[in-house]
Amino acid sequence: MRNYGTALRRADTRAAFADNGGLLEQLPRKFGRYRLTALLGRGGQASVFRGESEPVAGVIRNVAIKRIHEQSEDAIRLLVEEARIWVRLQHPNIVTVVDFGEEDGDWFLALELVDGVSASVLVER
């Protein structure tokens with residue numbers, strides 16, 4: 001059984017092509033109050049990173065950070081609408097939105113991170 005941890009170890013987590021015009025970003029790197037540690041996936045609209053919150057009283061929360069590639073008015077509007085819908089959803093099988101906003105011009109969603117088998121592996125079965 002393959003899980004995110006295995007997939008991450010196989011990926012080059014020290015350097016990954018991320019959003020913002022395909023610029024090479026070094027990972028881990030700071031992103032606002034989060035530290036991005038690995039690229040989990042990349043699609044046409046956004047990239048998703050494994051991240052962790054800044055420690056508060058020694059407590060760190062692992063999260064998935066979705067950052068949109070294009071910071072256009074339309075792309076931001078779509079992300080805002082996605083956030084509005086997602087925060088209303090409450091179900092044990094749906095991850096929750098932990099944070100949402102803009103950091104240095106980059107809009108993002110921070111989501112509950114669930115370690116386990118990726119959806120692509122489940123589909124292959």
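Visitor: How many of the residues of S8 are buried?

Guide: Buried means under 20% relative accessible area, exposed over 50%, partly exposed in between, with a 1.4 Å probe and protein chains only. By that cut-off, 5 of the 7 residues of S8 are buried, and the strand is mostly covered. Keep in mind that this is a predicted model: local features need pLDDT of at least 70, side-chain atom pairs count only at pLDDT 80 or more, and totals for chains, interfaces and linings use all residues. Residues are numbered from 1 along each chain as its sequence is written, and side-chain values use heavy atoms, with hydrogens and water left out.

Visitor: Which strands pair with S8?

Guide: Strands of a sheet pair through backbone hydrogen bonds, either parallel or antiparallel. Two strands count as paired if DSSP finds at least two bridges between them. Strand S8 (residues 106-112) is joined to S7 by 6 bridges, and the two run antiparallel. S6 is joined to S8 by 5 bridges, again antiparallel.

Visitor: Which residues stand opposite each other?

Guide: Take S7 and S8. Val97 has Leu111 of S8 as its bridge partner. Asp99 is partnered by Ala110 in S8. Elsewhere, Lys66 stands opposite Leu109 of S8.

Visitor: What links S7 to S8?

Guide: The two form a hairpin, with 2 residues between them. In the turn, Asp104 has a positive phi of about 50°.

Visitor: Where does S8 sit in the whole sheet?

Guide: The sheet is open and has 6 strands, in the order S3-S4-S5-S6-S8-S7, with antiparallel pairing. Its edge strands are S3 (29-31) and S7 (97-103), each pairing on one side only. On average, neighbouring strands of this sheet are turned by 40° against each other, direction ignored.

Visitor: Which helix lies across S8?

Guide: Axes are lines fitted to C-alpha atoms, for helices over the stretch in contact; angles run from 0 to 180 degrees between N-to-C directions. Contact means heavy atoms within 4.5 Å. Helix H2 (residues 73-88) lies across S6 (62-68), S7 and S8, and runs at about 20° to S8.

Visitor: What is the pattern of the chain along its sequence?

Guide: Helices (H or I, at least four residues) and strands (E, at least two) are DSSP runs, numbered from the N terminus. The chain has 3 helices and 8 strands. Their pattern is α-β-β-β-β-β-β-α-β-β-α.

Visitor: What share of the chain is buried?

Guide: Of its 125 residues, 33% count as buried. Among contacts with a separation of 6 or more, 45% come from residues 24 or more positions apart.
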